[in-house]
Amino acid sequence: MKTKKIQIIIAFLIMTFLCVCCKKDDEDVSQDNEMIKITVWNYYNGTLSQIFNEYVEDFNNTVGKEKNIKVNAVSKGSIDDLTSEILLTVNASNENEDTPDLFMCYRDMMMDVLKENKDNIVNYKNYFTEDELIQYNEDYLKEGFFGENLYIMPFAKSTDLLLVNQNEEFDMFLSEKELDVEKCFDTWGNILETAKAYYEWTDSKTEDILNDGKPLFGVDTFANYFISTFNQLGNSIYIYNEDGTVTFSIDEEILKVIFDNY
């Protein structure tokens with residue numbers, strides 16, 4: 001049986017997805033039993049767009065139907081495309097598009113939006129009680145605060161994962177080397193030692209071919225690897241201030257460790 005190539009990948013999933021609400025004029029708000037229509041701009045594509053639209057459809061057919069609310073999800077393509085369109089609509093530069101009721105964004109994108117037209121963005125603190133807000137992860141919620149105002153709600157968050165393709169060949173490697181799979185990956189140092197041992201082990205299987213060992217480990221996004229490792233080693237590379245600005249902190253010792261690992 002042909003053995004698949006072993007790959008250890010740090011899967012940095014989609015970064016922060018946050019939802020921002022735009023203010024509407026009084027005449028735009030449906031009254032009594034009129035259908036309430038909510039437009040949500042996002043930058044989902046492919047499978048993500050399909051899944052999100054399924055959730056929207058499910059809401060429209062259940063809670064939305066019961067409460068006379070209809071959500072319309074609109075993909076604007078990439079995050080850059082979404083950012084451009086939002087900045088144009090909030091400052092009324094784009095006459096062809098109405099401002100959406102909700103849109104997804106990153107914090108830095110939100111800072112640009114607030115500079116353009118702060119008055120058009122809803123402060124969620126006026127709509128959520130403290131008991132409701134405490135249900136959210138404190139760190140996730142903190143990203144949405146700009147001073148005392150809460151402009152962004154955490155809609156979908158992500159985390160960093162280590163994925164191990166533990167196939168037959170890798171099990172054989174662990175057995176011959178008498179290694180514990182959990183200890184192989186519990187620290188960055190052990191990952192590097194395991195990768196070195198795996199390369200040498202696979203190289204030794206073809207004595208007539210030199211230096212043909214197989215790689216064990218890969219990083220799919222260097223920026224996220226950089227940020228995550230900084231946090232794991234006890235220092236945040238950036239800190240959000242209450243006024244929405246960012247302060248960077250570079251620890252040279254940690255930076256060297258990350259560079260040597262990479």
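In the predicted model, K196 and E200 are both located in helix α9, where four residues, or about one turn of the helix, separate them. Their side chains form a salt bridge in which the closest N and O atoms are 2.8 Å apart. Neither end of this pair falls in the buried class, since K196 is partly exposed at 48% relative accessibility and E200 is likewise partly exposed, with a relative accessible area of 43%.

A second salt bridge joins E169 to K214, with 3.1 Å between the closest N and O atoms. Because E169 belongs to helix α7 (residues 168–177) whereas K214 is placed in the loop between α9 and β10 (217–219), the pair ties together parts that lie 45 residues apart in sequence. The two partners also fall into separate classes of accessibility: E169 counts as buried at 12% relative accessibility, while K214, with a relative accessible area of 27%, is partly exposed. A similar pairing of classes is found for K76 and E85, whose side chains meet in a salt bridge at 3.6 Å, N to O. Here the lysine is the buried partner, as K76 has a relative accessible area of 12%, and the glutamate is partly exposed, the value for E85 being 22%. In total, six salt bridges are counted in the model, these pairs among them.

Helix α9 (188–204) also takes part in the packing of helix α11, whose buried residues contact both α9 and α10 (222–232). Helix α11 spans residues 252–261, and its buried residues are I254, I258 and N261. When the helix is viewed down its axis, these residues fall within an arc of 65°, and they therefore line one face of α11. The exposed residues E252, E253, K256 and F259 are found on the other side of the helix, so that the buried face, bounded by the under 20% limit on relative accessible area, is set against a side whose listed residues are over 50%.

A nonpolar patch at the surface, of about 280 Å², is formed by Y240, V246 and F248. Of these residues, V246 is part of strand β12, which covers residues 246–248, and V246 is classed as partly exposed on account of its relative accessible area of 30%.

No disulfides are counted in the model. Two of the cysteines, C105 and C184, can be described by their accessibility: C105 is buried, with a relative accessible area of 0%, and C184 is also counted as buried, at 4% relative accessibility.

At the level of the whole protein, the secondary structure consists of 11 helices and 12 strands. Buried residues account for 33% of the 262 residues. The accessible surface amounts to about 16,700 Å², and carbon and sulfur atoms contribute 49% of that area. Where contacts between residues at least 6 apart in sequence are considered, 69% of them join residues at least 24 apart; the E169–K214 salt bridge, which links parts 45 residues apart, offers an individual case of a pairing across such a separation.

Methods:
Residues numbered from 1 in each chain as written. Predicted model: local features only at pLDDT ≥ 70, side-chain atom pairs only at ≥ 80, totals over all residues. Heavy atoms only, no water. Helix = DSSP H or I, 4+ residues; strand = E, 2+ residues; numbered from the N terminus. Buried < 20%, exposed > 50% of the residue type's maximum accessible area, 1.4 Å probe, protein only. Contact = heavy atoms within 4.5 Å. Areas by Shrake-Rupley, 256 points an atom, 1.4 Å probe, with all protein chains shown as cover. Disulfide = S-S within 2.5 Å. Patch = residues over 30% accessible without salt bridge, like charges linked within 9 Å, V, L, I, M, F, W, Y side chains within 5 Å. Salt bridge = Lys/Arg side-chain N within 4 Å of Asp/Glu carboxyl O. Arc of directions from axis to C-beta.
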